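Biologist: Hey, can you walk me through this one? I'd like to start with the ligand.

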Amino acid sequence: MVSETILSVQALSKNFGKIKAVDKLSLEIKRGQVFGILGPNGSGKTTTLGIVLGLIKPQSGDFKWFGKPISSTLLRNIGSILETPLFYPYLSATDNLKIIADIKQVDYQGIDEKLKLVGLYDRRNHAFKTYSLGMKQRLAIAAALLGNPEVLILDEPTNGLDPQGIAEIRDLIKAIALQGKTIILASHLLDEVQKVCTDVAVLQNGQCLFTGKVETITSQGLAVEAMAEHDELLKQAIESCAWAKIIDQQQKVFHIQLDSGHLASDLNRYLLEHEVALSHLTTIKKTLERHFLELLKN
Ligand code: ATP
């Protein structure tokens with residue numbers, strides 16, 4: 001089954017003076033994905049989100065939500081938190097959400113359900129100012145979900161939170177995804193994208209360096225670390241191997257990338273056949289981080 005495209009972005013560009021904040025960026029986000037926009041600070045994530053939410057005008061390029069140009073009707077179907085919304089400190093969670101429901105012109109019926117989802121129902125009558133940072137962020141997510149949008153956009157949702165707060169937000173994102181919503185999440189944290197996202201686009205200087213399934217990246221081939229008494233012989237043997245490639249060498253330690261389907265034991269056997277005895281061999285799981293760093297190196 002071909003899943004429906006929720007957001008398509010084509011060759012989007014935005015300059016701020018000489019800075020190319022977004023540079024011919026193209027993306028495709030499908031229904032049900034938890035799509036991570038991953039990149040270091042200043043790589044253009046927030047600008048991209050600002051453009052697709054109609055807050056920033058691009059210089060060139062195009063984007064469509066559900067196959068259509070952006071409109072106020074379409075925006076009702078997209079909940080977003082680009083900045084923490086301003087809640088009234090002395091009002092309770094429920095009263096703050098009622099104000100937001102009025103602004104969004106949706107009824108109050110969904111408020112309790114959203115408070116339960118974000119784990120704030122028991123604290124619903126307490127003043128906002130008594131909340132921890134994590135609770136404030138969860139209330140912001142509840143506010144974005146009022147009106148039941150199909151899409152939720154989050155920009156650095158765990159910034160500034162302690163480890164427990166981070167874990168709670170990540171669990172919440174997964175729970176929201178399980179309800180079938182499409183989530184777009186901008187983050188500079190590889191670990192975050194790896195833990196919660198199904199798909200990723202890696203951004204650098206406003207350009208997309210890579211886009212694909214998080215699962216594919218994390219399981220793509222194996223990397224191993226190997227050492228031998230005669231490192232020159234090891235090097236030659238690897239160079240003659242069709243399915244192994246040296247990706248790095250730190251003194252006598254070689255980092256070797258194996259094509260998918262090949263294991264460390266295959267490499268060991270191959271090297272023995274070529275009369276190279278290893279003194280050290282370990283598997284390094286190819287993480288998104290490694291992939292991300294490799295991409296940024298090029
Ligand atoms: P961060 O996580 O630090 O917010 P980001 O990936 O979201 O980074 P953007 O905020 O989109 O990146 O910024 C991309 C580039 O555009 C940066 O170099 C930034 O300084 C610049 N930029 C963003 N907004 C403006 C603006 N309003 N005026 C001038 N330059 C801007």
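Biologist: Okay, which element gives the most to the shell around the ligand?

Modeller: That's α1, with 3 residues. Keep in mind that this is a predicted model.

Biologist: And which elements each supply at least two residues of that shell?

Modeller: Those are β2, covering 19–30, and α1, covering 45–52.

Biologist: Can you list the residues around the ligand?

Modeller: Sure. There's Phe16, Ile19 and Ala21, then the run Pro40, Asn41, Gly42, Ser43, Gly44, Lys45, Thr46 and Thr47, and finally Glu156.

Biologist: What does Lys45 do there, in terms of distance to the ligand?

Modeller: A polar atom in the Lys45 side chain sits 2.9 Å from a ligand oxygen. Gly44 has a polar backbone atom 3.0 Å from an oxygen of the ligand. For Gly42, a backbone N or O atom is 2.6 Å from a ligand oxygen.

Biologist: How much of the ligand's accessible area does the protein cover?

Modeller: On its own the ligand has 630 Å² of accessible area, and the protein covers 59% of that.

Biologist: Switching to Ser187. Where is it found?

Modeller: Ser187 belongs to strand β7, residues 182–187.

Biologist: Is Ser187 buried or exposed, and why?

Modeller: Buried, because its relative accessibility is 0% and the cut-off for buried is under 20%.

Biologist: What does Ser187 touch, skipping residues up to four places away in sequence?

Modeller: Ser187 touches Ile37, Leu38, Gly39, Lys45, Glu156, Glu192 and Val193. Two of those names came up before: Lys45 and Glu156 are also among the residues around the ligand. With Glu192, the Ser187 side chain makes a side-chain polar contact of 3.2 Å.

Biologist: Let's zoom out. What domains does the assignment give?

Modeller: Domain 1 runs over 5–217 and domain 2 over 220–297. Their C-alpha centres are 40 Å apart.

Biologist: I was looking at β8 and β9. In which sense do they pair, parallel or antiparallel?

Modeller: Antiparallel, over 6 bridges, with β8 at residues 199–204 and β9 at residues 207–213. Ala201 is opposite Thr211 in β9.

Biologist: What's between the two strands in that hairpin?

Modeller: There are 2 residues between β8 and β9, and Asn205 in the turn has a positive phi of about 45°.

Biologist: Now Ala244. Which strand is it in?

Modeller: Ala244 is in β11, which spans residues 244–250.

Biologist: And why does Ala244 count as buried?

Modeller: Its relative accessibility is 10%, and buried means under 20%.

Biologist: Who are the contacts of Ala244, leaving aside neighbours within four places in sequence?

Modeller: Ala244 is in contact with Ile238, Ile256, Gln257, Leu258 and Leu267.

Biologist: What about His280, how many Å separate its C-alpha atom from that of Ala244?

Modeller: 17 Å, and the two residues are 36 apart along the chain.

Biologist: Last topic, the whole protein. How many helices and strands are there?

Modeller: The protein has 11 helices and 13 strands. Taken along the principal axes, the C-alpha atoms fill a box of roughly 75 × 45 × 40 Å.

Biologist: How much of the protein is buried?

Modeller: Buried residues make up 45% of its 298 residues. The accessible surface is about 15300 Å², and carbon and sulfur atoms account for 52% of that.

Biologist: And what share of the contacts with a separation of 6 or more comes from residues 24 or more positions apart?

Modeller: That share is 67%.

Conventions:
Residues are numbered from 1 along each chain as its sequence is written. This is a predicted model: local features need pLDDT of at least 70, side-chain atom pairs count only at pLDDT 80 or more; totals for chains, interfaces and linings use all residues. Side-chain values use heavy atoms; hydrogens and water are left out. Helices (H or I, at least four residues) and strands (E, at least two) are DSSP runs, numbered from the N terminus. Buried means under 20% relative accessible area, exposed over 50%, partly exposed in between (1.4 Å probe, protein chains only). Contact means heavy atoms within 4.5 Å. A polar contact is a pair of N or O atoms within 3.5 Å; within protein, one must be able to donate a hydrogen and the other to accept it, and residues adjacent in sequence count only if both atoms are side-chain atoms. Domain bounds come from an automatic or database domain assignment. Two strands pair if DSSP finds at least two bridges between them. A residue is near a molecule or strand if one of its heavy atoms lies within 4 Å of it. Accessible areas come from the Shrake-Rupley method with a 1.4 Å probe; for residues, only the protein chains shown count as cover.
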